[in-house]
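Me: I'm new to this one and want to know where the helix labels come from. Can we go through them together?

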Amino acid sequence: MRVLSGFMISPEYYFIYWFLKYYLPPMIANASPVLVKGTHRIDFSHIFIDGKPLFGKNKTWEGFYIGVLMGFLASISISIILCEEEYVLIGLGSSVSALIGDLLGSFIKRRINIASGEPLPIIDQLDFALMSTLYYYLLGMEEFVSHPLYMLYSLTIILALHIITNNIAYYLGVKDKRW
C-alpha cells in the first residue's frame, strides 16, 4: 500500500492514480479547443519561409485559451482531491505544454504538405502527450520519471482514447472529420 496525500492506494491502482494525475490535465487541454470556433489564428495567417502556413486555420487563440482554462480547472480539481497545492502550477504547465505540442504537430504537418484538418497518424494522437512528458522530464518530477513503463502504458491508452473520442465527436457533430 502507498500513502498518497492521506489516501491509501494499493499497487494495482497506483497506475490509475499516476495516469490521471499526470495526463488528465493535458488530455483535457488538448481536447477542449474543439469546443470553440475561434477566428483569431495563432499564426496571424503568416506564411513560413517554405511558403506554407505556419500552423493553419484551425489553430486559434480562442482554442488555445479554452485549452489552458480547461486544463487549469482539471489541475485545480486534482490539486484539491490530492491535497497537493503545488500541483496546480504543475498541471497548468502540463496543459500549456500539451497545447504547444499540438502546435508543433501542426507545424510539422504543414511542412510535409498535409493540409489543415487532414490526418497524420501517431503525431495527431500523441504530439500533446509527448510534449507533456518532456515537460515533466525537464521539471525532474521524480514520481513521474521513475515510471518509464507507466509512460509507455499511458501513451498507448492515450492513442486509443484519442481515436475513440474523435470518432464520438465526429458522430455527435462536434467535429467534421473522424481524426
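**How the helices pack**

Reply: Sure, starting with one pair: helix H3 (residues 87-111) packs against helix H4 (residues 123-139) at an angle of about 135°, the axes being 7 Å apart. This is a predicted model, where local features need pLDDT of at least 70, side-chain atom pairs count only at pLDDT 80 or more, and totals for chains, interfaces and linings use all residues. Residues are numbered from 1 along each chain as its sequence is written, and side-chain values use heavy atoms, with hydrogens and water left out.

Me: Why is H3 called oblique to H4?

Reply: Angles under 35 degrees count as roughly parallel, over 145 as roughly antiparallel, 65 to 115 as roughly perpendicular, and the rest as oblique. The angle here is about 135°, so H3 is oblique to H4. Their crossing is right-handed, and by class the contact has 11 nonpolar, 6 polar and 4 charged residues.

Me: What makes H2 roughly antiparallel to H3?

Reply: Helix H2 (residues 61-82) and H3 cross at roughly 150°, with axes that come within 8 Å. That angle is why H2 counts as roughly antiparallel to H3. On the H2 side the contact includes Phe64, Gly67 and Val68, and on the H3 side Tyr87, Val88 and Gly91 are among the residues (contact means heavy atoms within 4.5 Å). The residues of this contact divide into 11 nonpolar, 6 polar and no charged.

Me: And how do you know that H4 is roughly antiparallel to H6?

Reply: H4 and helix H6 (residues 148-172) pack at about 150°, with axes 9 Å apart. That puts H4 roughly antiparallel to H6. The crossing of H4 and H6 is right-handed. Leu126, Phe128 and Tyr137 are among the H4 residues in the contact, and Met151, Leu155 and His162 are among those of H6.

Me: How do you know that the span of H1 agrees with what it should be?

Reply: The expected span is 1.5 Å times one less than the number of residues. Helix H1 (residues 11-31) has 21 residues and should therefore span 30 Å; its end C-alpha atoms are 29 Å apart, which agrees.

Me: Where does H1 have a kink?

Reply: At Tyr23, shortly before the proline Pro25, with a kink of about 45°. The bend at a residue is the angle between axes fitted to the seven residues ending there and the seven starting there.

Note on methods. Axes fitted to C-alpha atoms, helices over the stretch in contact; angles between N-to-C directions. Helix = DSSP H or I, 4+ residues; strand = E, 2+ residues; numbered from the N terminus. Left-handed = near helix turned anticlockwise from the far one by under 90°. Nonpolar A, V, L, I, M, F, W, Y, C, P; charged D, E, K, R; others polar.
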